[in-house]
Structure formats: structure tokens, C-alpha cells
Amino acid sequence: MSLERPAHARPRLGFLGVGWIGRHRMKAILETNAIEVAAVSDPSPEMAEEAHRLAPEAKLVATLDDLLDEQVDGVVIATPSALHAEQSIRALERGVAVFCQKPLGRTAAETRAVVNAAREADRLLAVDLSYRFTEGMQRIREVVQSGELGRIYAVDLVFHNAYGPDKPWFYDPALSGGGCVMDLGVHLVDLALWTLEFPKVRSVSSKLFRDGEPLGLRLDRVEDYATAMLEVSTGAAVRLACSWRLQAGCDAVISASFFGTEGGAALRNVNGSFYDFVAERYRGTARDGLAEPPDEWGGRAAADWARRLAAGARFDMAAERLVEVAGVLDRIYGR
Ligand SMILES: NC(=O)c1ccc[n+]([C@@H]2O[C@H](COP(=O)([O-])OP(=O)(O)OC[C@H]3O[C@@H](n4cnc5c(N)ncnc54)[C@H](O)[C@@H]3O)[C@@H](O)[C@H]2O)c1
């Protein structure tokens, strides 16, 4: 953290991992005009060069330690998932705020260690739970929390990425920390608990598959289909399903539906799109629109963190919720 930096100066950021999502979030953060990109680090020269085109003023450096040596105030991490926790902790221990891609950790214990490091350093930590920032989920959460739908007793969430991740590291447990649950299920568990205001999760049952067979106890490969059933303290039944490369007939099937005693509300993707969503409120067999495309939601979580950092935000207690979500993932994996 630069102590000489004048109070009015914009925070200096480092970007660690500038593959597809790292560069996408870099653009969104640059558009806020709230920060400066001080440095970029990625072992792939091509990726680093692409990022440099977006932020020509940034210095290209070799490692996270070099990045931290550039007197940065915040680091944006978008590396393979298994690296996130350790990299976040190293930044936080140097007094640097972190915006990390999901998942923050592979387990609740790893996630807890990162959140503790942020609390001890009193630095802003946020994770890219990007679907929270869709117009549709914002509206659905308002409707659920207003009580308009009565008591929510059923929640169904689905995320099938039928296209499947195209980078090999996603399929290597040492780099990904898990398969479709770690990649997509984390969003579903987070959306359910965030919308329901984080009830306690009483019980979790699940089934994990790989290539249509039960995954079993094998540690050398990751799941590509999972279903889970959660019972929460409000009594609601939460059902999740997620997958990679399911024969789904389109690129993606994504939905989050909340059913209560007085009505329902749901988000769903349009025509198999990864980006376009409609949200609707249901009354019996009728429906009203809550949100529809276009909605440029992908970079909003990143932009929100950057603006908060620029406004001087320190540790945010909301990060504690990340540990609860990670704990549910542990239980889905039977840990
Ligand atoms: N929030 C979301 O909705 C969302 C969407 C897509 C991906 N993601 C997450 O983003 C992360 C990156 O995914 P991606 O699709 O961009 O992958 P990617 O493979 O395109 O990018 C990862 C980059 O990290 C670099 N890298 C590898 N090891 C590194 C290290 N030690 N230090 C610095 N850089 C390193 C790679 O060279 C690569 O450029 C994953 O954790 C994924 O789960 C989140």
C-alpha cells in the first residue's frame, strides 16, 4: 500500500491472471474511471500482451510478489480456481485489498483463512458473484424479501453449461479444485442463500457423476453433473442441478426459481444464452415481467468493488457469508 499516495489519488490496482475473465473484468473496472491499472501479471505472454493493450500504462511483471512490490492498493485475481485462496492471502497479508474470481477457496477452511486475513488486515475483500448483479436477480430478491410471495417453501436452481469449459485446467482437480459444483454450483448455492437472507443449512444430500457414472471417491477427476437437495432453517427445500457438457440441446440452461405461498418468481436464460436473462413474477398461471435483456451485468461486481475501494472502504462483514457457501459445497462433496 502506497503511503505517499495523496488522499485524492485513484487506487492503484494489480491484475493477476488476465485470461478471458480477467480481461473482461479489467475492462469493466477501467470503465469506472475510479482506479489506475498499475501492473499486470500472467505467465502467458499472449494474455499479458492483450491486457497491456487495454491498459497501456500498466507495467508487465512476472509474479504476484512483483505485482505487490508495485505499491498497489488492490489486486484483481482471475487465475485458475485452486490458486485463489493462497494468492488472496498473500495480497491481504501485504495490506492489499482483493477482488477474486469465484470460488474464493476450494473448501470452507481455505475460504475462512482468506476472510480472516482480510479482517485482520482490515482490507476490502469481494468475490465475483456476478449473477447477484443481474437486473433479474436484484428484482427477484427484492420481491422475495418484501414478503409479496408469502413464505418461500421451494427453490429450484439450474446451471447446465452444455458447451463445457474450453480450457484444460478446469478438468484437472489440482488446478480447479473440483468440477461443475466448484465452477457453477457455487453461484447457485450463493443465489439461493443470498435471496433467502442466509438461513442456516440444516441438511445436504447430493449425487455427483462423471461421464454418466457415479464419481465415487476418486480424487483424480472432477464431477461433470451434480444434483443436490438442501433443507434450510426456514423449512424451504432447495434443489440444485449443475453440469458441464450435458446433452441439453443448447449452450446453457440457467434458472433460479423461488416459489412461495402467495406467488413465485424466476430468472431464466433466453434461447440457451449465457448472457441474456428474463425475470418474471408468477401469480397462479399468470406472469409479469421483472427484467429482460439487454442487461450488461457481467462486470458489475468488479466495478462495484473498484468504486468501493476508491471510496475508502475497508473490510466488509458480508465476506463472512462466503464461508457459509463454501461450507455447503463441502457438504455437497461429502467432506
Ligand atoms: N464470476 C464469474 O461469473 C466467472 C465466469 C467465468 C470464469 N470465472 C472464474 O475466473 C477464473 C479464470 O477463468 P478463465 O475462464 O478466465 O480462465 P483462463 O484460463 O482464460 O484464465 C486464467 C489465466 O490465469 C493465468 N495464470 C495461470 N496461473 C497463474 C499464476 N500463477 N499467476 C498469474 N496468472 C496465472 C493463465 O495464464 C490465464 O491467462 C476461474 O477461477 C473461473 O472460475 C468466473
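This passage looks at how the two domains of a predicted model meet, and then at its salt bridges.

Start with the layout. The domain assignment splits the protein into domain 1, made of residues 12–129 plus 299–318, and domain 2, covering 135–296. Domain 1 is thus written as two stretches of chain. Measuring from C-alpha centre to C-alpha centre, the two domains sit 26 Å apart.

So what does the meeting place between them look like? On one side, eleven residues of domain 1 take part, and they are in contact with 15 residues of domain 2. The size of an interface is often quoted as the accessible area that is lost when the parts come together. Here the area buried between domain 1 and domain 2 is about 1100 Å², and carbon and sulfur atoms supply 58% of that. On the domain 1 side, K102, L129 and R300 lose the most area to domain 2, and together they account for 41% of what that side buries.

Charged and polar groups also turn up at this boundary. Two salt bridges are counted between domain 1 and domain 2, along with five residue pairs in polar contact. Sorted by class, the side of domain 1 that touches domain 2 has five nonpolar, two polar and four charged residues. R300, one of the residues that lose the most area, also has its side chain in a salt bridge with D295, at 2.6 Å from N to O.

Now for the salt bridges of the whole model, which number 26. Side chains of opposite charge can pair when their charged atoms come close. One such pair is D128 and R25, whose closest N and O atoms are 2.6 Å apart. This pair ties together distant parts of the chain: D128 lies in the loop between β6 (125–127) and α6 (135–146), R25 lies in helix α1 (residues 20–31), and 103 residues separate them. D128 counts as buried because its relative accessible area is 1%, under the 20% cut-off. R25 is buried too, with a relative accessibility of 7%.

Other pairs have a more open setting on at least one partner's side, as the accessibility values show. In the salt bridge between K167 and D166, the closest N and O atoms are 3.7 Å apart. K167 is partly exposed at 30% relative accessibility, while D166 is exposed at 58%. The side chains of R283 and D288 meet at 2.2 Å, N to O. R283 is partly exposed at 41%, and D288 is partly exposed at 37%. Finally, D65, E86 and R90 are joined into one network by salt bridges that share partners.

Terms used
Residues numbered from 1 in each chain as written. Predicted model: local features only at pLDDT ≥ 70, side-chain atom pairs only at ≥ 80, totals over all residues. Heavy atoms only, no water. Domains from an automatic or database assignment. Contact = heavy atoms within 4.5 Å. Buried area = accessible area lost by both parts, 1.4 Å probe. Salt bridge = Lys/Arg side-chain N within 4 Å of Asp/Glu carboxyl O. Polar contact = N/O pair within 3.5 Å; in protein donor to acceptor, adjacent residues only side chain to side chain. Nonpolar A, V, L, I, M, F, W, Y, C, P; charged D, E, K, R; others polar. Helix = DSSP H or I, 4+ residues; strand = E, 2+ residues; numbered from the N terminus. Buried < 20%, exposed > 50% of the residue type's maximum accessible area, 1.4 Å probe, protein only.
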